[in-house]
Every structure is written in C-alpha cells, then in structure tokens.
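Thanks, everyone, for making the time. I would like to take you through a few places in one model, going slowly enough that you can follow each of them on the screen.

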Amino acid sequence: MEPRFLLLSDVAAELNVSDSQVYHMVRSGELPAIKIGGRGQWRVERARLEDYIARKYHETAEWVQSNPLIDREPE
C-alpha cells in the first residue's frame, strides 16, 4: 500500500525535478501541500499530486493546440 502523504523529496523523485523546484511549487501554491509537526515539515497528499499531474497534462495539451508545430523548409 502506498503512503497517503509524500515528502517533498519523494515528490521531486516522482516528477524527476529537484527538491528546490518542488519546494517552490508548494510555496507558490501551484502544488497543494500541508505543514505538519513541530518543525512544520511539508507533505503532499498523493491524490493532490495525481491531480497536479493531470492538470499539467491538460495545460500542456492546450499549449500544444495554441502553438502548432510549423513545418519549415530545409535550409
């Protein structure tokens, strides 16, 4: 059974990005997370991560549609 909450380092590994990139995504509100414990450690709920990934796929698809690849003649 997979854990419900992930460390930021786990999220970074899942997305293949740096820990600092995930920290920025959390602090900016782009990726929902919670602070827990006396030291305020960040945790990301797995379901929220999956929602984030689905949202990014949708945003990317919209971007691709509005920025079509233009065939250029060879130089």
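Let me begin with Y23, which, in what is a predicted model, has a relative accessible area of 41% and therefore counts as partly exposed, since that class lies between the 20% limit for buried and the 50% limit for exposed. Y23 sits in helix α2, which covers residues 19-28, and, if we set aside its neighbours within four places in sequence, Y23 is in contact with L8 and W42. As for S9, Y23 is 14 residues away from it in sequence, while the distance in space is 9.1 Å, taken from C-alpha to C-alpha.

Now to the charged surface: which residues gather in a patch of negative charge? They are D10, E14, E50 and D51, and the elements that give two or more residues to this negative patch are α1, residues 8-15, and α3, residues 46-66. Of these residues, let me pick out D51, which has its place in helix α3 and, at 47% relative accessibility, counts as partly exposed.

That brings me to R46, which is also found in helix α3, and to a question for you: is R46 buried or exposed? R46 counts as buried, because its relative accessibility is 17% and the cut-off for that class is under 20%. Again leaving aside neighbours within four places in sequence, R46 is in contact with E2, P3, R4, L6 and E14, and E14, as you will recall, is one of the residues in the negative patch.

How values were computed: Residues numbered from 1 in each chain as written. Predicted model: local features only at pLDDT ≥ 70, side-chain atom pairs only at ≥ 80, totals over all residues. Heavy atoms only, no water. Patch = residues over 30% accessible without salt bridge, like charges linked within 9 Å, V, L, I, M, F, W, Y side chains within 5 Å. Areas by Shrake-Rupley, 256 points an atom, 1.4 Å probe, with all protein chains shown as cover. Salt bridge = Lys/Arg side-chain N within 4 Å of Asp/Glu carboxyl O. Lys, Arg positive; Asp, Glu negative; His and termini not counted. Charge placed at Lys NZ, Arg CZ, Asp CG, Glu CD. Helix = DSSP H or I, 4+ residues; strand = E, 2+ residues; numbered from the N terminus. Buried < 20%, exposed > 50% of the residue type's maximum accessible area, 1.4 Å probe, protein only. Contact = heavy atoms within 4.5 Å.
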